[in-house]
Amino acid sequence: MQQYQVKDIALAEQGRKNIEWAESRMSALLAIRERFVKEQPFKGLRIGLALHITKETAVLVETLKAGGGSVAIASCNPLSTQDDVAAALAKEGIAVHGKKGESVEEYYEYIRAVIATNPHLTVDDGCDLVSEIHKNHPKLIPSIIGGTEETTTGVIRLRAMAEEGSLKYPVVAVNDNRTKHLVDNYYGTGQSALDGILRATNILFAGKSVVVVGYGECGKGVAQRSRGLGANVLVTEIDAFRALQAVLDGFRVLPIADAVKEGDVFITVTGNKHVIRKEHFGQMRDGAVLVNAGHFDVEIDLASLKSLAKKQRQMRPSLEEYTLASGKRLYVGGEGRLINLAAAEGHPSEVMSFSFCGQALALEFLAKQRGKLSPGVIVLSQEVDDAIAELQLRALGVRKDTLTAEQRKYLSGWQEGT
Ligand SMILES: NC(=O)c1ccc[n+]([C@@H]2O[C@H](COP(=O)([O-])OP(=O)(O)OC[C@H]3O[C@@H](n4cnc5c(N)ncnc54)[C@H](O)[C@@H]3O)[C@@H](O)[C@H]2O)c1
């Protein structure tokens, strides 16, 4: 097995600078690293990761290594690897497997390279690593202490596995930390999805009709930031309460069948399949831009779009033009994969510091609880979440208040009333 598989090891110098740049924005995670250096929570443990190979992920990888872990990483998306960062990690002796633009076959080859290291701990983003282990390498499961999962889609898949009794080791749903989904999904996707669209298209948002498909944590952020740039934001939802939230936040809510006729830009963030599909493409405006920021590339039915198109060409990096029989042109960003990672650099480092503090502390928790946890999906305690928020506040130099003794007593009692 090759020690690493990267596009070009000569890119390592720029990758190292990018990692240093990310570090300079991730001091909360660096504070955890400092403690890990002393306490060595992962001494003797092998950690296998399938994450987007970005400069921020590199800071996490080096934190786990500093904590005594032996780390192997594969990318969790064929288009998200930052090749210079991968090269820099390889140069540091990390077993890194990923190239921007890798094929689906290579994608699974790289995941299998991580599995081949026989990890004690797994770190996943989307559950492909966990499902590959369960489907094709079940013999490894007895030596696995536990795993962590980064994103909503992965947690949904893990809960489905747990429900049918298929999940055979404990996995921490890092996404369920408040300091993850209310920050990363909301502020992170809100900014970086637009960053991806702008890098792919350089269009003006002001005055455009932007359709946000799905008003969850990611969709809320994307809708807010689009409005901030002057777009008229339309929202589609299938959940009654979230549709109401969108209305009360000041957005127009309508069915996708109507929205397709009005949108200049469509951004899918549902974690669901074919939310924009065959019957919709022909009704769209000429020049409409379609992107996805949900985990998998299944939200826009690209196979149908391809079958409808009489011509297809790469317009510019991360932007493909599809010409329909009517002559109408539609533009798809980042091949329908996460636009913020395919066309830009993913979330800002400040945001990933929150998420990866959660990953680091979840892995430490699993290592400490070795042998004591049952298979299933675990949510970290409120104390861990609060500790991450405290670290972030300290990193930002922000001071908050604390309860007085009188207030603590008041909040824990029931006798005092009108
Ligand atoms: N791009 C990124 O960097 C990034 C970051 C975090 C999460 N994600 C991914 O983004 C997706 C959304 O995550 P989230 O945390 O916002 O999830 P969420 O569950 O909070 O929100 C998804 C929303 O989509 C709605 N929905 C489902 N099917 C729909 C349909 N057919 N039409 C309209 N709405 C529909 C749901 O009702 C829900 O409100 C997931 O796949 C997640 O893994 C991406």
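**Ligand and domains of a predicted model**

Colleague: How many residues surround the ligand, and which are the closest?

Modeller: 28 residues surround the ligand, and the closest are T151, T152, T153, E237 and N340. A residue counts as near the ligand if one of its heavy atoms lies within 4 Å of it. This is a predicted model, where local features need pLDDT of at least 70, side-chain atom pairs count only at pLDDT 80 or more, and totals for chains, interfaces and linings use all residues. Residues are numbered from 1 along each chain as its sequence is written, and side-chain values use heavy atoms, with hydrogens and water left out.

Colleague: What makes the pair of T151 and the ligand a polar contact?

Modeller: A polar contact is a pair of N or O atoms within 3.5 Å; within protein, one must be able to donate a hydrogen and the other to accept it, and residues adjacent in sequence count only if both atoms are side-chain atoms. An N or O atom in the T151 side chain is 2.6 Å from a ligand oxygen, so the pair qualifies. For N340, a polar side-chain atom lies 2.8 Å from an oxygen of the ligand. H295 uses a backbone N or O atom, 3.0 Å from a ligand oxygen.

Colleague: How much of the ligand does the protein bury?

Modeller: The protein buries 87% of the 860 Å² that the ligand exposes when taken alone. Accessible areas come from the Shrake-Rupley method with a 1.4 Å probe; for residues, only the protein chains shown count as cover.

Colleague: Where do the two domains run?

Modeller: Domain 1 is 9–176 + 347–396, and domain 2 is 188–337; such bounds come from an automatic or database domain assignment.

Colleague: How do you know how many residues of domain 1 are in contact with domain 2?

Modeller: Contact means heavy atoms within 4.5 Å, and 14 residues of domain 1 meet that with 10 residues of domain 2.

Colleague: How many salt bridges are there between the domains?

Modeller: A salt bridge needs a side-chain nitrogen of Lys or Arg within 4 Å of a carboxyl oxygen of Asp or Glu. Between domain 1 and domain 2 the count is zero.
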